[in-house]
Each structure stands twice: as C-alpha cells, then as structure tokens.
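Here are my notes on this chain, set out point by point. Please read them with the structure open.

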Amino acid sequence: MEVDGTGTPCEQDGNPSDSQVQGYSEPNLPEDIWYHMHSLMPMQDAAQFACVARAFVCSWRCRPCLDLSEQTFGNGYRKYGSARDFNRKVDHILKNHSGIGVKAFKFNVPPVYDEDSVHLDRLDSWLQIAVKPGIKELRLILTADKKYNFPCSLLSGETGATLQYLSLAFCHFHPTVKLGCFRSLTKLQLSMVHITASELGWLLSNSLALELLKLRNCNSINCLKIPCLQRLSYLEVICCTGLKEIESKAPNISSVWVAGDPHVQLSLENTCHIKTLNMDCSNFAFYARTNLPSIMPNLEALSVRSYTEMVNTPMVPSKFLHLKSLSIAVGGLTFDFLSLASFLDASPSLQTFILEIFREFKERVSVFEDHSDMRIMPGHHHSKLKHVKIIKFSAAKSLAELTCHILESATSLECLTLDTTHGMPRCSVNRTGKCSFMLKEAVVEAQKGVLVAQAFIKPKVPPTVEFNVLEPCTWCHDVGSYF
C-alpha cells in the first residue's frame, strides 16, 4: 500500500500487501478493541498504521474523528505543494472512508492558498461524506471570505438533532425552519460568518440545550436577541460592527465577554449570576467602579480594557465582595493611575491584579521630572492580594505611586512583576526565535521604567516578596544605540 505525504492509505482496495506485513504478527484481539485503539491515535499516525496493519484498515474506514487541519498535514502546508495536492490528499482520505460512524469532522483550509485554490464544489462533496446522522462535532474553518454558502440542508433531520458542537468561520450560513430542532447543540461558534439577526434568532430558539455562544466579526447582525435558554452560561460577542443591541433572556449566564462598539446596548437577565465579565470599550473602568458592584454583586473575575482617554476611578462605598481576579488595561495622558487604588479598596477578596498601560505618543510627568513627595493613601489594607503584574511599566509618577501603595498595603503579597515591554512572549519561548517588535520610543521608555523600578520600587519591596523586573531583550533590541 502506498503512503502519500499525509500518511493516508491510498490503495483503493485498502488491503496491505503481504510484503508490507511480512514478518509482522498482529496480536489476536477482538475487533472492537482494535477499533478503540485506532480511534485514540492522532489522525496521521492512524493513517500510517492502517497502511501496514490489516487490523486497522477497517477501523480507518470507520474512523469517528476526521481532523483535516495543520496538525494532520504537519507543520505548515507550504511543503506539501500546490492546492491541487491538498485537494488530492483530502480526496484520498475521504474516499477511503466509508462515511459511517463519523462523530467529529474538522476541516481547515490551508491559509497559504488563495481564493481559487480550493474548489468549493469539492467542499460540498467532502461535507456530504462526513456530515451524516450521528455526527456530534462539526468545525469548518476557511481562510477568507470565499462567499461559500454552507449547505444547511446537511443539518436537517437527525443530523442536526445529534450535533453538539458547531463552529463555522469565513462563510455564509443561512439556517431556515426546514432544518428542524438542534436539540443536542451545546456549543455554537461563528466567526466572520454572514448570518442575519432573524436567522440567528431562529437558530437560537431551536437550540434549547445551548451552553456556549461565541460570535466574532459577524457584521451582518444588527440585533442579538437571546431567548430564555436555561443552560446558556457563556456569552461572547466580539467586534460585530453592525450590532446595536444585545438582549438576553437567558437566566443563568455566568460568563460574559463583549468587545467592540461602546454604544451597543446591553441588557442581561439575572446579572447577579454573572461571575466573570470581560469588557473592551471606552471608559468602562469608571462605569465598572461606580455601577457594577450593585448590578453584578457576585463577580469573581473582571477584565476591563479601554482604548480611549480614561476618566479617573472615584472612591465610592460600593464593593466587589467576591472579586478574586482583576485585570485592567487603561491609557490616556490625564489618567491618574493612583486612582485605581479605589478598585483595590473595593475588593477585599482580591488575590490577583494585572494592570496594562497603553503606550502613548507623549510622555507623562515622570518621577525624574517631578521631585515632589509621592502621594500616599494611608489606612488601606489589602490582606488577600498575592500576585500583581504591571505590563508596560514606565517612569510615570502616578504609576510609581500606585506600585508603592500596593507594596505598603498588600500584607500578603507574594509576587510583584514589573514588565517594561509589551508583555508578549520573549525570544526564548517564541516560535520565531525573536522578541516582539518594539518601537525605538517604546524601548527608551522601557529603560526609564527599569531605572524607576530599581531606584524607587525595589527599596520598598519586603524580603518575603518575589520581585521581577522584565526589560527589553538586549539580543533583539539594540538598547545601547538609543541613548
């Protein structure tokens, strides 16, 4: 039997020749054990074993999980030749499969191929082989808007009824009432998918078992209305530019992530059940400090990102009694970082605090320029705060004041990390072997941050606290030439 570049069985009859198995004696095991062993192997290994062992040929033809992705074809598609080669390999895999017993089908078009490389008419035929009644997971990931219309008829009847996980990317998806009920669907993920608000609304109303909903860059949706889905616990809506309103009647949502247009109207049911909130929009930090404690009193994890000029967070009496993790990304030349102490003061259970500073084109008033005494906030105690990390730490005086305030008030602090870089993976762990690019101005600002950390922060660090200062890599950034 010939083995092609993907390790797929290519002989049409699927039977290994005697010469290939000569000298090899297969253990005498029941057929169902062979099937189970084969199903647990990675797809490429399973294909290769089917080429050399008779016991695995039949199980290959009934393999329950078909993963046609980068992991299957190796590290990078370029070395596997043209799009025609890719099509041939997929044809071999699917034509040697009976189409029976497929439980999971993942198809990812190689990103190196252009729009016309992978024929969409073939994709229809491939889906017809794999998507049949009994399938539980379907993931279709294209690489650009090829205007591919997903054949919704494949999900009609029992096929849609058994489906548990549906993930589509870069295609058109227009479900209709003819499809029936998706009674087993628990996870729905749509990314760069063209679907209207009414079509999505119908789909959700017929997915009563849904637990997770993710929408990313689905720009044709202008209104998201979620019916009373009792099991829905996770909602994610990111960068859907046409969206104006999100209204949810689902009573048990516990995790929410919304990013994009700050003017989107958000209406959620039973917000007291929400424990994790991730919001990316302008000035949300001020709203979070003043309003959220009463709206979402049981929050345990809060992440806030604001890309516009921030309003200082005020001291107000309301508290996040259960908040354990707080992540804030802020910027703006007039923002007073010390005002973030109000968040710490309002969170008596807080254990982890991460602060990210947006780089600005103009420098703030630095510790080296303002020689007045640093402000202090006596009487504050953060007894449970253990881990603090500040990303893009600089020489800004109010940032140094906040850091000193944390050291003085966090009596249980175990680790303080001041990262003067972008917070991205360094060359030692990055697959490219290089650190992330930094502008000259950012490197200079980072070095000033290192000086502040060593001169003003380090002397105040208790001996029981692990203190880390991360600076630009001298291998990837010629720091000396900037001074």
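Which residue in strand 6 does L190 stand opposite?

1. The residue opposite L190 is L215, in strand 6. The model is a predicted one. Strand 5 covers residues 187-194 and strand 6 covers residues 212-216. The two run parallel and are joined by five bridges. Between them the chain passes through helix 9, residues 197-205, and this β-α-β crossover is right-handed.

2. The pairing carries on from strand 6. Five bridges link strand 6 to strand 8, residues 234-238, and this pair also runs parallel. L215 stands opposite V237 in strand 8. L215 therefore has a place in both descriptions: it stands opposite L190 as well as V237.

3. Next, helix 9. Its buried residues are E199, L200, W202, L203 and L204. They pack against strand 5, strand 6 and strand 7, the last of these spanning 223-226. An α-helix has 3.6 residues a turn, so residues three or four places apart point the same way. E199 is a buried residue of this helix, and so are L203 and W202.

4. After helix 9 comes a loop leading to strand 6, and N206 lies in it. A polar atom of the N206 side chain lies 2.9 Å from the backbone oxygen of W202. The side chains of N206 and S205 share a polar contact of 3.3 Å. Leaving out residues up to four places away in sequence, N206 touches G180, C181, F182 and R183.

5. Now the chain as a whole. It has 14 helices and 18 strands. Of its 483 residues, 49% are buried. Among contacts with a separation of 6 or more, 62% are between residues 24 or more positions apart. The accessible surface is about 22,800 Å², and carbon and sulfur atoms account for 53% of that.

6. The largest nonpolar core has 111 residues. F105, F173, L302 and L355 have the most contacts inside it. Helix 13, residues 397-409, supplies the largest share of this core, with six residues. Take L355 as a case to inspect. Beyond its neighbours within four places in sequence, its contacts are I328, V330, F337, L340, K389, I390, I391, L399 and L402.

7. Is E356 buried or exposed? E356 is found in strand 15, residues 352-357. Its relative accessible area is 17%, which is under the 20% limit, so E356 counts as buried. Its side chain makes a polar contact of 2.9 Å with the side chain of R305. Setting aside neighbours within four places, E356 is in contact with R305, I328, A329, V330, I391 and K392. I328, V330 and I391 are also contacts of L355. On strands in general, the side chains of a regular strand alternate between the two faces of the sheet.

8. Last, L470. Its place is in strand 18, residues 466-470. L470 has a relative accessible area of 29%, so it is partly exposed. Apart from neighbours within four places in sequence, L470 is in contact with T417, L418, D419, T420, T421 and R426. G449 is 21 residues from L470 along the chain, and their C-alpha atoms are separated by 9.8 Å.

Methods. Residues numbered from 1 in each chain as written. Predicted model: local features only at pLDDT ≥ 70, side-chain atom pairs only at ≥ 80, totals over all residues. Heavy atoms only, no water. Helix = DSSP H or I, 4+ residues; strand = E, 2+ residues; numbered from the N terminus. Buried < 20%, exposed > 50% of the residue type's maximum accessible area, 1.4 Å probe, protein only. Contact = heavy atoms within 4.5 Å. Areas by Shrake-Rupley, 256 points an atom, 1.4 Å probe, with all protein chains shown as cover. Core = buried A, V, L, I, M, F, W, Y, C linked by side-chain atoms within 4.5 Å. Right-handed = clockwise from strand over helix to strand, strands pointing away. Polar contact = N/O pair within 3.5 Å; in protein donor to acceptor, adjacent residues only side chain to side chain.
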